[in-house]
Amino acid sequence: MKLLDYSNVLKFVSEAEIEALEGAVLVSKEKLLTKFGTGSEYLGWVDYPLTAEKELDRILKTAEKIQNEASVLLVIGIGGSYLGAKAGLSMLSPYLGKTGKTELVFVGNTLSSTYTQEIIDYLADKDFSINVISKSGTTTEPALAFRLFRNLLQEKYGDKAKNRIYATTTIGKGVLYQMAKENGYETFSIPEDIGGRYSVLTPVGLLPLAVAGIDIKAIIAGAQTEREKALEKVYPDNDALLYAAIRNLLYRKGKAIEIFVTYEPKLKYLGEWYKQLFGESEGKDGKGLFPASVLYTTDLHSLGQYVQDGRRILFETVINIDKPEQDILLKEDAENLDGLNYLAGKTLDTVNKQALKGTVLAHVDGSVPNLILNIPEISPYQFGRLVYFFMFACGVSGHLLGVNPFNQEGVEAYKKNMFALLGKPGFEELRERLLKNK
Ligand code: PA5
């Protein structure tokens, strides 16, 4: 089963245009492999799946320790330091209940006092441990959450609290590493040459997922498969390169928004992760597609009208899962008052699939190009494949666009203003300016 099906964009982009972009695409790919492009100091993720195996045993051992000591693991992190684990967890756990013994609770990804207090209350009668994840070690949201929950842990376990704290950070650098060293927390490495949004396949994503009981070896195997395809396959057969090329062509033709579409709610957070990956990688220098995400058929009853009929600046990338984890056979009803007997003998997933097909056709008719990504099923292996596919395509796509896909200077603007308004030392001048403008 081929991952990328682009037959539904050929009304908008021709095979000749796709072929003509080959040279530029290959140059962009080479920038990732030979490290001569902008941001080349952040390319550690390209080969990481090959070396990840070295880390896996220690991650699994620690995960087992955490499972035995805690019913809740607090995962503290924001942006790339949380979205990958959150995406993996929601894709790979049952809707109700959890995969393993230990529940993951994510904090430090919001400054909401209500959310934070509710988590504090939730932990009152639970054994918990902390995995604090921050590459820089200085990001305000997780740093603040770490302070609050570290104190809570100390109140509960006294001197032993430090044995329940696991820090994932840059080894040898930053405040979090210093704290870990001084207090003896177990540490896991975020390699310096891997940026946050490309770090899900490192301990950043793998430790929490392993604690949740998810097969992280299978995730890495999936990533390795997709890596090999992305690196080895020639252009016309290379899904990641074709995807990058087609997004670029659509962008040049005036499409401004790419919508990640899933018909399976479990993939909602993969959509959030995808938005961060592409948004932070490409949205710069006044350029870039705006990444959005929807859950169909739910959102066909809210955003469907706009997609079908609003401004023609959209295209969609639809995830199609061939075989659902569960299916339900629809039966005849003697009275048929709801008129649904025409569905008897079919399954609920067949209805979902026909909704997908019908929507693709309707949206393409309405001038919304549709790319389809086919995966055979939901599994850790397929999660690893998708993650690597999107990361590689994103790196190529960013270079095609002419931006550095690995920096995120735009994120600093709000932080500076927030620090100034909160009275952080060193921001006095900015504070004065902001208050004057008020
Ligand atoms: O992708 C990125 O680099 C960012 O989204 C970071 O992951 C996010 O800002 C968190 O940074 P840190 O891990 O340094 O706390």
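T297 is a good place to start: in this predicted model, T297 lies in the loop between β8 (290-295) and α13 (304-309). The peptide bond that joins Y296 to T297 is cis, with omega at about 5°. If you are checking backbone geometry, you may also want to look at D285, where phi is near 55°, a positive value in a residue other than glycine. D285 belongs to the loop between α12 (268-282) and β8.

**The ligand and its surroundings**

Now to the bound molecule. The ligand sits in the largest pocket. Around the ligand there are 13 residues, and those that come nearest are S81, S134, S136, T139 and Q276. Sorted by class, this shell has nine polar residues, three charged ones and one nonpolar one.

Which atoms of S134, K135 and T139 lie close to an oxygen atom of the ligand? The table sets out the three contacts.

| Residue | Protein atom | Ligand atom | Distance |
|---|---|---|---|
| S134 | side-chain N or O | oxygen | 2.6 Å |
| K135 | backbone N or O | oxygen | 2.7 Å |
| T139 | polar side-chain atom | oxygen | 2.5 Å |

So much for the individual pairs; the surface area adds to the picture. Taken alone, the ligand exposes 380 Å², and the protein buries 90% of that area. For S134 and T139, the contact with a ligand oxygen is made through the side chain, whereas K135 contributes a backbone N or O atom. S134 and T139 are also among the residues that come nearest to the ligand.

**Salt bridges**

Away from the ligand, let's turn to charged pairs. How many salt bridges does the structure hold? There are 17 salt bridges in the structure. One of them is formed by the side chains of K2 and D239, at 2.8 Å from N to O. This pair links distant parts of the chain, with the two residues 237 apart. K2 is found in the segment before β1 (4-5), while D239 is in helix α11 (residues 239-252).

Note on methods
Residues numbered from 1 in each chain as written. Predicted model: local features only at pLDDT ≥ 70, side-chain atom pairs only at ≥ 80, totals over all residues. Heavy atoms only, no water. Near = heavy atom within 4 Å. Polar contact = N/O pair within 3.5 Å; in protein donor to acceptor, adjacent residues only side chain to side chain. Areas by Shrake-Rupley, 256 points an atom, 1.4 Å probe, with all protein chains shown as cover. 1 Å grid on protein atoms, 1.4 Å probe; cavity = no way out; pocket = protein on both sides within 12 Å on 5 of 7 lines; lining within 4 Å. Sits in = over half its atoms within 2 Å of the grid points. Nonpolar A, V, L, I, M, F, W, Y, C, P; charged D, E, K, R; others polar. Salt bridge = Lys/Arg side-chain N within 4 Å of Asp/Glu carboxyl O. Helix = DSSP H or I, 4+ residues; strand = E, 2+ residues; numbered from the N terminus.
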